[in-house]
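Colleague: I would like to learn how to read a few backbone and packing features in a model. Could you take me through them one at a time?

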Amino acid sequence: LVDGASPTFPKNWVVYDVNKLFAYLATPAAYNQLPNPDAFKAQLDANGGGFKATPDPHTYSRIRERINSAYLSSSWEGDMWGLPWSLNAGVRYTKTNTVSAAYSVPILGIAVNPNDPTNAIPTYGSLSPISQSGEYAKWLPSANFKLNLRDDLVFRFAVYKTMTRPDLSYLSSAVSYNFRPQNQTIDTGNAALQPYIAKNADAGLEWYFADTSYLALDGFYKRVYNFSTLITTNTELLGFPFQLTQPVNLNAATIKGAELTFNYHFTHLPSPFDGLGIATNYTYVTSSASISPNKIATNGTFAVPGIGNSANAAVYYQKGPVQLRLAYNWRAKYLTSIAGNQSQPTSVKSYGQLDLSASYDINPHV
């Protein structure tokens with residue numbers, strides 16, 4: 001990006017060794033140049049003759065979650081039209097209380113630096129502890145049904161409600177500022193974030209055409225509420241414009257798609273090739289999310305951050321003490337933020353990676 005924007009931009013930068021710098025500052029050649037070298041020398045002696053790290057409360061942040069849960073489950077089985085079936089169902093109740101603690105300094109004033117108009121000088125108040133809190137309680141029912149259509153053909157259907165707690169980094173109450181009049185920013189968390197709540201329905205067929213080989217097709221539908229993502233919005237602090245970045249809960253999201261899986265073990269090949277096998281799958285997924293205009297300047301429908309198509313393919317050998325695996329994993333382009341820098345969407349382009357692993361069992365212990 002630097003070359004594209006300015007081909008003559010410097011590529012080499014002068015850097016210094018931090019440890020050598022501190023070592024020099026602790027020498028008489030350095031501190032004798034100070035107005036009161038004896039006082040500085042006394043402080044060095046009190047620290048063991050050098051510098052030592054001191055915790056910075058500005059970077060402190062702690063999130064405490066208290067979780068209470070209870071569940072009830074049961075199972076049934078029987079025959080339907082002469083076909084064996086099984087069902088398990090249950091419900092979980094969970095309650096979470098969150099307290100996010102940090103230290104902060106209030107901004108009492110902001111002034112443009114007269115010697116550098118591209119920067120600003122903030123006036124801070126006293127460092128003091130701050131905290132935010134949040135809580136939620138959820139009922140999470142689920143039911144899973146299996147029907148054996150044949151000895152080698154299984155139908156599965158499930159309906160369930162799930163909860164995913166917010167990332168801990170999103171819950172931090174710490175606040176950071178950047179003072180550049182053209183690009184002043186505030187970054188903070190949100191302890192009141194609600195968890196993702198998803199109402200799910202899955203259905204699939206599994207064909208076991210050999211003892212260790214099968215073909216499966218599954219479809220899924222998810223209605224997700226309180227999906228969270230980072231957004232950047234315009235705000236104002238003491239008359240100066242800032243861009244505020246913080247996590248918020250989206251209104252709702254829909255995720256649906258299908259997954260095809262094919263695993264085959266070449267057990268019919270003569271030894272030693274009967275240890276060969278392949279494992280593949282492909283997931284197609286579509287998503288959409290809506291967000292209200294009071295949370296972002298542009299209202300509409302968006303893809304869900306982090307959701308995209310994916311595929312995996314592996315060739316493996318597993319027999320006796322030898323295990324080999326060559327795998328390729330691919331992920332399609334996906335959205336990371338609905339409103340990132342300058343309130344614009346941010347995406348990650350498609351990528352793939354190739355992995356090779358091998359192992360040998362010398363004995364049952366090594």
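Modeller: Gladly! Strands here are DSSP runs of E with at least two residues, numbered from the N terminus. Keep in mind that this is a predicted model.

Colleague: With that numbering, where is Pro-272 found?

Modeller: Pro-272 sits in the loop that links strand 13 to strand 14 (276-291). The general idea to bring along is that most peptide bonds are trans. In this loop, the bond joining Ser-271 and Pro-272 is cis, with omega about 10°.

Colleague: And how do I read phi? Which value does Trp-81 have?

Modeller: Most residues other than glycine have a negative phi. Trp-81 is not a glycine, yet its phi is positive, about 55°. Its place is the loop between strand 1 (61-80) and strand 2 (83-104).

Colleague: Is Trp-81 buried or exposed?

Modeller: The cut-off for exposed is over 50% relative accessible area. Trp-81 has 75%, so it counts as exposed. Leu-238 makes a good companion: its phi is also positive, near 55°, and it is found in the loop between strand 11 and strand 12 (240-249). Leu-238 has 45% relative accessibility, so it is classed as partly exposed.

Colleague: Now for sheets. In which order do the strands of the open sheet run?

Modeller: The order is 7-8-12-11, four strands with mixed pairing. An edge strand pairs on one side only, and here the edges are strand 7 (175-178) and strand 11 (228-237). On average, neighbouring strands are turned by 20° against each other, ignoring direction. For a single pair, look at strand 7 and strand 8 (residues 185-188), which are antiparallel over 4 bridges. Within that pair, Tyr-177 has Ile-186 of strand 8 as its bridge partner.

Colleague: What about packing? Which residues form the largest nonpolar core?

Modeller: There are 9 of them: Tyr-196, Ala-198, Phe-220, Val-224, Phe-227, Leu-250, Ala-253, Ile-255 and Val-285. At least two residues of this core come from each of strand 9 (196-210), strand 10 (213-225) and strand 13 (252-265). Another core, of 8 residues, lies apart from it and includes Ile-110, Ala-120, Phe-179 and Phe-242.

Colleague: Why does Ser-213 count as buried?

Modeller: Buried means under 20% relative accessible area. Ser-213 has 1% relative accessibility, so it counts as buried. This serine lies in strand 10. Leaving out residues up to four places away in sequence, Ser-213 touches Trp-207, Tyr-208, Asn-263, Tyr-264 and His-265.

Definitions and conventions. Residues numbered from 1 in each chain as written. Predicted model: local features only at pLDDT ≥ 70, side-chain atom pairs only at ≥ 80, totals over all residues. Heavy atoms only, no water. Core = buried A, V, L, I, M, F, W, Y, C linked by side-chain atoms within 4.5 Å. Buried < 20%, exposed > 50% of the residue type's maximum accessible area, 1.4 Å probe, protein only. Contact = heavy atoms within 4.5 Å. Pairing = 2+ DSSP bridges. Axes fitted to C-alpha atoms, helices over the stretch in contact; angles between N-to-C directions.
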